[in-house]
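The following exercises concern the fold of a protein chain and the setting of one of its residues. Please inspect the sequence and the structure before reading each worked solution.

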Amino acid sequence: MCMQLYVNEMESPLGKLYLGVSEVAVKYIAYDEASFVGEGTDFSTAENEMMWQLKAELQAFFDGEIQAFTLPLEVSGTDFQMRVWRALQEIPYGEVVSYKEIAEVAGSPKAVRAVGQANRANPIPIIIPCHRVIQAGGKLGGYNGDDVDRKIWLLNREMPF
């Protein structure tokens, strides 16, 4: 059975975003052309209600009008990745935590590097806020393809200095 996936693009302060949604949930946000799309998927560039809502919420976030997203998400990954991504969603707006803290919440306290890899594989950055994870010493660490400038922009949006 093929799933209908709606794909589109959006200009943002972070550069072009590549978006993917189903009829009922957000599937991915990517900084590079869609890489989270699986085989057996029918694509459409038509905009559905979910795409309109995603674009509206992202724009409101970038404009500083909202702090939380309300759209349903649909992600798949390993058990560990799923635990990490759930833990990321618990980090409050305007706060940061360490990779070690996320590893502990995910139930694998020694898996600090694996948390970094799970963050890198995060299919819905911004909404699943992997940008809120920093190194234990306070250094920023990498961000989704090692573009630390995006991480800095997002953190400054949430915690203006």
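**Exercise 1.** Determine what share of the residues of the protein chain counts as buried.

*Solution.* Buried means under 20% relative accessible area, with a 1.4 Å probe and protein chains only. By this criterion, 45% of the 161 residues are buried. The model is a predicted one, in which local features need pLDDT of at least 70, side-chain atom pairs count only at pLDDT 80 or more, and totals for chains, interfaces and linings use all residues. Residues are numbered from 1 along each chain as its sequence is written, and side-chain values use heavy atoms, with hydrogens and water left out.

**Exercise 2.** State the order of the secondary-structure elements and assess the compactness of the chain.

*Solution.* Step one: helices (H or I, at least four residues) and strands (E, at least two) are DSSP runs, numbered from the N terminus. Step two: from that terminus the order reads β-β-β-β-α-α-β-α-α-β-α. Step three: the radius of gyration, taken over C-alpha atoms, is 15 Å, close to the 15 Å given for 161 residues by the globule rule, so the chain is as compact as a globular protein of that length. That rule is 2.2 Å times the number of residues to the power 0.38.

**Exercise 3.** Describe the surroundings of Ser44.

*Solution.* First, locate Ser44 in strand 4, residues 41-44. Next, its relative accessible area of 18% makes Ser44 buried. Its side chain reaches the backbone nitrogen of Ala46 at 3.1 Å. Finally, apart from neighbours within four places in sequence, Ser44 is in contact (heavy atoms within 4.5 Å) with Gln4, Leu5, Tyr6 and Val7.

Terms used: Buried < 20%, exposed > 50% of the residue type's maximum accessible area, 1.4 Å probe, protein only. Polar contact = N/O pair within 3.5 Å; in protein donor to acceptor, adjacent residues only side chain to side chain.
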